[in-house]
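Student: Got a minute to go through a model with me? I'd like to talk about its contacts.
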2 protein chains.
Amino acid sequence: MARPTVATDTSTRILDVAERLVQKRGFNAFSYADVADALNVTKASLHYHFPTKAELGACLIERYRGSFLGALQRINDAHVDAVAQLRAYAAIYADVLENDRMCLCGMLAAEYATLPAAMQDGIRRFFDGNEAWLVSVLTAGRRKQQIAFAGRPVDAARVLVAALEGAMLLARSRQDATQFRTVARRSLADLRVVKQAAAE
Amino acid sequence: MARPTVATDTSTRILDVAERLVQKRGFNAFSYADVADALNVTKASLHYHFPTKAELGACLIERYRGSFLGALQRINDAHVDAVAQLRAYAAIYADVLENDRMCLCGMLAAEYATLPAAMQDGIRRFFDGNEAWLVSVLTAGRRKQQIAFAGRPVDAARVLVAALEGAMLLARSRQDATQFRTVARRSLADLRVVKQAAAE
DNA sequence: GTCTATAGGTGGATAGAC
DNA sequence: GTCTATCCACCTATAGAC
């Protein structure tokens, strides 16, 4: 069992600052100097906790992935129907954007070709995990007739992830979170079961 | 009237190489040295054509936007129905991805916060132009009952752009262009008019 | 238009004192 | 664990010869 570390642990604070910088500016556009300035320490001190930028980046991804998948698990634990699960899924993205941040792994996906292999692997695992969760929700939801869609669940999942990541990307350049929410709402609406005689 | 310049004009070749580098690696991850090496000239020579990297970036965006909007105009000139127009629109994206490139402005949208103001303006203009074209196609297509969707055309347009840009982003990290095409096809399918008695 | 040479800055990373 | 000091590579950009 790991020894409990307080939330203000130095490594954690470094990761917090670095995460924010990557989500706002990208991995190639932030430096150890940026993090050091924000924490009032020296660059050398950062290298004690994360010897190389590549390792820092890999840790960022692993933490983000764990936190994200943890949130998905909590959605499952809420035992709500598929529509509510998908709304909660989109809400995670909306919360990220609320602070003018891009999804960490969406940002890194853009820089993918320039990143070390360990980071590339982590990014793929993040999206694989996202897809797997969505596939389980979409499969169960369709079986229970809570949602409707044609074709393979994995393809419907990819449309959702693509729309949400793309909408974050675009909303940031317009500084308009409303635009993201509208895209998210419409993307989920495409999965809703049409009520036969609903007045709508 | 501008003096005609051959296609192998030096400035053009610089833009070609820089465009490819930005689409593959991002604006912050390529340098004058990269372009110079590819063209077998010196960095100093590049600065004669594009004094600063910011100006080079702004020129890249303007050229890309003009080329993209030109392609949209040619789609209009083909006088096909809305479904075919939208398919042709998605095909432009697919062609970009075919060379393992990201949409130039999608890539730059990720790096948006780190870019000079002139480039930020250009990126917004690119997406505004895309949206405007889609809105006109969606509006006319719905009026002619070639396609169907709820709500404002601009919102349907944004879902499409988001899905396509997001799908490019994700397909690159999986090196799987098929994944992009599937997302594109499904996104367009959501706009298709449901044939009442179609066997499907 | 292209070159050599170089300035002036910042990048990630290390050695060694405390 | 944090510091000072430093290394070396690379960055954008400029001066001035050809």
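Tutor: Sure, we can go through the DNA contacts, the salt bridges, the cysteines and the aromatic rings. Keep in mind that this is a predicted model.

Student: DNA to start with. How many residues surround DNA strand C, and which are the closest?
Tutor: There are 18 residues around DNA strand C. The closest are A:Ser31, A:His47, A:Lys53, B:Thr42 and B:His49.

Student: Of the strand C atoms within 4 Å of the protein, what share is sugar or phosphate?
Tutor: Sugar or phosphate accounts for 61% of those atoms. The rest belong to bases.

Student: Which phosphate contact does A:Lys53 make, backbone or side chain?
Tutor: Backbone. An N or O atom of the A:Lys53 backbone sits 2.7 Å from a phosphate oxygen of DNA strand C. A:Tyr32 also has a backbone N or O atom by a phosphate oxygen of that strand, at 3.0 Å.

Student: And what does B:Ser45 touch?
Tutor: A sugar or linking oxygen of DNA strand C. An N or O atom in the B:Ser45 side chain is 3.5 Å from that oxygen.

Student: Which elements give two or more residues to the surface near strand C?
Tutor: Helix 2 (32-39) and helix 3 (43-49) of chain A do, together with helix 3 (43-49) of chain B. Helix 3 of chain B provides the largest share, four residues.

Student: How does that surface divide into nonpolar, polar and charged?
Tutor: Eight residues are nonpolar, eight are polar and two are charged.

Student: Switching to salt bridges. How many over all chains?
Tutor: The structure holds 22.

Student: Which residue does A:Glu98 pair with?
Tutor: A:Arg181, with the closest N and O atoms 3.4 Å apart. This pair links distant parts of the chain. A:Glu98 is in helix 5 (residues 82-98) of chain A and A:Arg181 is in helix 9 (residues 177-189) of chain A, 83 residues apart.

Student: Buried or exposed, those two?
Tutor: In between. A:Glu98 has 47% relative accessibility, so it counts as partly exposed. A:Arg181 is partly exposed too, with a relative accessible area of 39%.

Student: What about B:Glu131, which residue is its partner?
Tutor: B:Glu131 forms a salt bridge with A:Arg174, and the closest N and O atoms are 2.7 Å apart. The pair joins two chains, because B:Glu131 lies in helix 7 (residues 117-143) of chain B and A:Arg174 in helix 8 (residues 153-174) of chain A. Both residues are buried.

Student: And B:Glu62, where is its partner?
Tutor: In helix 4 (residues 53-77) of chain B, which holds both B:Glu62 and B:Arg65. They are three residues apart, about one turn of the helix. Their closest N and O atoms are 2.9 Å apart. B:Glu62 is partly exposed, at 33% relative accessibility.

Student: Which residues are joined into one network by shared salt-bridge partners?
Tutor: A:Asp16, A:Glu19, A:Arg63 and A:Arg101.

Student: Cysteines next. How many disulfides?
Tutor: Zero over all chains.

Student: Why is A:Cys103 not bonded to A:Cys105?
Tutor: Because the sulfurs are 5.5 Å apart, too far for a bond. A:Cys105 holds the closest cysteine sulfur to that of A:Cys103. A:Cys103 is buried, at 1% relative accessibility.

Student: How far is B:Cys105 from its nearest cysteine sulfur?
Tutor: That sulfur belongs to B:Cys103 and is 5.4 Å away. B:Cys105 is in no disulfide. B:Cys105 is buried, with a relative accessible area of 0%.

Student: Last topic, rings. How many aromatic pairs?
Tutor: There are 18 over all chains. In one of them, A:Phe68 and A:Phe126 have ring centres 5.0 Å apart and planes at 80°, so the pair is edge-to-face. A:Phe68 is in helix 4 (residues 53-77) of chain A and A:Phe126 in helix 7 (residues 117-143) of chain A, so the pair ties together parts 58 residues apart in sequence. Both A:Phe68 and A:Phe126 are buried.

Student: What geometry do B:Tyr64 and B:Phe126 have?
Tutor: Tilted, because their planes are at 40°, with the centres 5.6 Å apart. B:Tyr64 is in helix 4 of chain B and B:Phe126 in helix 7 of chain B, 62 residues apart. B:Tyr64 and B:Phe126 are buried.

Student: Which residues form one aromatic cluster?
Tutor: A:Tyr64, A:Phe68, A:Tyr89, A:Tyr93, A:Phe126, A:Phe127 and A:Trp133.

Terms used: Residues numbered from 1 in each chain as written. Chains lettered and ligands numbered in written order. Predicted model: local features only at pLDDT ≥ 70, side-chain atom pairs only at ≥ 80, totals over all residues. Heavy atoms only, no water. Near = heavy atom within 4 Å. Polar contact = N/O pair within 3.5 Å; in protein donor to acceptor, adjacent residues only side chain to side chain. Nonpolar A, V, L, I, M, F, W, Y, C, P; charged D, E, K, R; others polar. Salt bridge = Lys/Arg side-chain N within 4 Å of Asp/Glu carboxyl O. Buried < 20%, exposed > 50% of the residue type's maximum accessible area, 1.4 Å probe, protein only. Disulfide = S-S within 2.5 Å. Phe/Tyr/Trp six-rings, centres within 6.5 Å; stacked < 30°, edge-to-face > 60°.
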